[in-house]
Amino acid sequence: MSYLINNAWGDNNVEKATVAFVVGNGAASRGDARIFLTNDAVNLAVKGKADGLHAEGYAPVKDLIIGFVEKGGIIWVCKACADAKGLTQADLIQGAELGGAGHTMAFLDAGGQVLL
C-alpha cells in the first residue's frame, strides 16, 4: 500500500505538524509513504528549521522527521511554495526533495491513498 500525507503546518502549529509526521511514520512502517509539505510546513524540510520544535506530549519534530526518512519515507516540498520562499534543493534536509502537483497526482494515480 502507498500513502500520501499532506501537511501545511510548521512552526505556526507545531502540534498539527507533529501529528502529520506521527501518521507518516506509521504509514512508512506499513508501505510506501510520502509527506507533501505546503505553506508553512515547507520550512520543516529546511536544514535546521525543525530543530527545537516540540509539541508537549509528543516526540520532537526533528526526531519524527528522521524516523520517517529512516523508514524509507520521502518528503516532497511544494515547488511553488519553495520558489516563493527562495528555497532550492540545496537548502533541504536529507530525504526531502522539491516536488509539485505532478508528483502528488502521479502518486495518487498509481494507487496512493491520502491519509491527511
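Student: In this predicted model, what makes β3 and β4 paired strands?

Tutor: Pairing requires at least two bridges between two strands. β3 and β4 are joined by 4 bridges and run parallel, so they count as a pair. One position to inspect is V77, which stands opposite L98 in β4.

Student: Why is the connection from β3 to β4 called right-handed?

Tutor: The term is used when, with the strands pointing away from the viewer, the path from the first strand over the helix to the second runs clockwise. β3, helix α3 (residues 79-85) and β4 make a β-α-β unit of that hand. β2, α2 and β3 also make a right-handed β-α-β unit.

Student: How do you know that β2 pairs with β3, and with β1?

Tutor: The cut-off is again at least two bridges. β2 and β3 pair in the parallel sense over 4 bridges, and F36 has W76 in β3 as its bridge partner. Strand β1 (residues 2-7) and strand β2 (residues 32-37) are parallel as well, with 6 bridges. Within that pair, Y3 is bridged to A33 of β2. Both pairs therefore satisfy the criterion.

Student: What is the order of the strands in the open sheet?

Tutor: The 5 strands follow the order β4-β3-β2-β1-β5, with parallel pairing.

Student: Why do β4 and β5 count as edge strands?

Tutor: β4 (96-99) and β5 (113-114) each have a single partner strand, so one side of each is left without a neighbour in the sheet.

Student: Which helices lie across strands of the sheet, and at what angles do they run?

Tutor: Among them is helix α2 (residues 61-70), which lies across β2 and β3 (74-78) and runs at about 115 degrees to β3. Helix α4 (residues 101-109) lies across β1, β2, β3, β4 and β5, at about 145 degrees to β1.

Student: What makes β3 a mostly covered strand?

Tutor: A residue is buried when its relative accessible area is under 20%. In β3, 4 of its 5 residues are buried.

Student: How do you know that the span of helix α1 is close to the expected value?

Tutor: The expected span is 1.5 Å times one less than the number of residues. Helix α1 (residues 14-30) has 17 residues, for which 24 Å is expected, and the helix reaches 25 Å from its first C-alpha to its last.

Student: Which residues of α1 are buried, and what covers them?

Tutor: The buried residues are V14, A17, T18, A20, F21, G24, N25, A27 and A28. Their cover includes β1, β2, α2 and β3. In an α-helix there are 3.6 residues a turn, so residues three or four places apart point the same way.

Student: Why is N7 called buried?

Tutor: N7, found in strand β1, has a relative accessibility of 1%. The cut-off is under 20%, so N7 counts as buried. Beyond four places in sequence, N7 touches K16, A17, A20, F21, I35, F36, L37, T38, A41 and L44.

Student: What makes the approach of the N7 side chain to W9 a polar contact?

Tutor: The limit for a pair of N or O atoms is 3.5 Å. The N7 side chain reaches the backbone nitrogen of W9 at 2.9 Å, and therefore falls within that limit.

Student: Is T104 buried or exposed?

Tutor: T104 has its place in helix α4. With a relative accessibility of 6%, set against the cut-off of under 20%, T104 counts as buried. Not counting residues up to four places away in sequence, T104 touches L4, F36 and W76.

Student: Why is D40 called partly exposed?

Tutor: Partly exposed covers the range between the buried limit of 20% and the exposed limit of 50%. D40, in the loop between β2 and α2, stands at 29% and so belongs to that class. The side chain of D40 makes a polar contact with the side chain of N12 at 2.8 Å. Leaving aside neighbours within four places in sequence, D40 is in contact with A8, W9, G10, N12 and K85.

Student: What is notable about phi of N39?

Tutor: Phi of N39 is near 50 degrees, a positive value in a residue other than glycine. N39 is found in the loop between β2 and α2 and is partly exposed, with a relative accessible area of 45%.

Terms used: Residues numbered from 1 in each chain as written. Predicted model: local features only at pLDDT ≥ 70, side-chain atom pairs only at ≥ 80, totals over all residues. Heavy atoms only, no water. Helix = DSSP H or I, 4+ residues; strand = E, 2+ residues; numbered from the N terminus. Contact = heavy atoms within 4.5 Å. Axes fitted to C-alpha atoms, helices over the stretch in contact; angles between N-to-C directions. Buried < 20%, exposed > 50% of the residue type's maximum accessible area, 1.4 Å probe, protein only. Polar contact = N/O pair within 3.5 Å; in protein donor to acceptor, adjacent residues only side chain to side chain.
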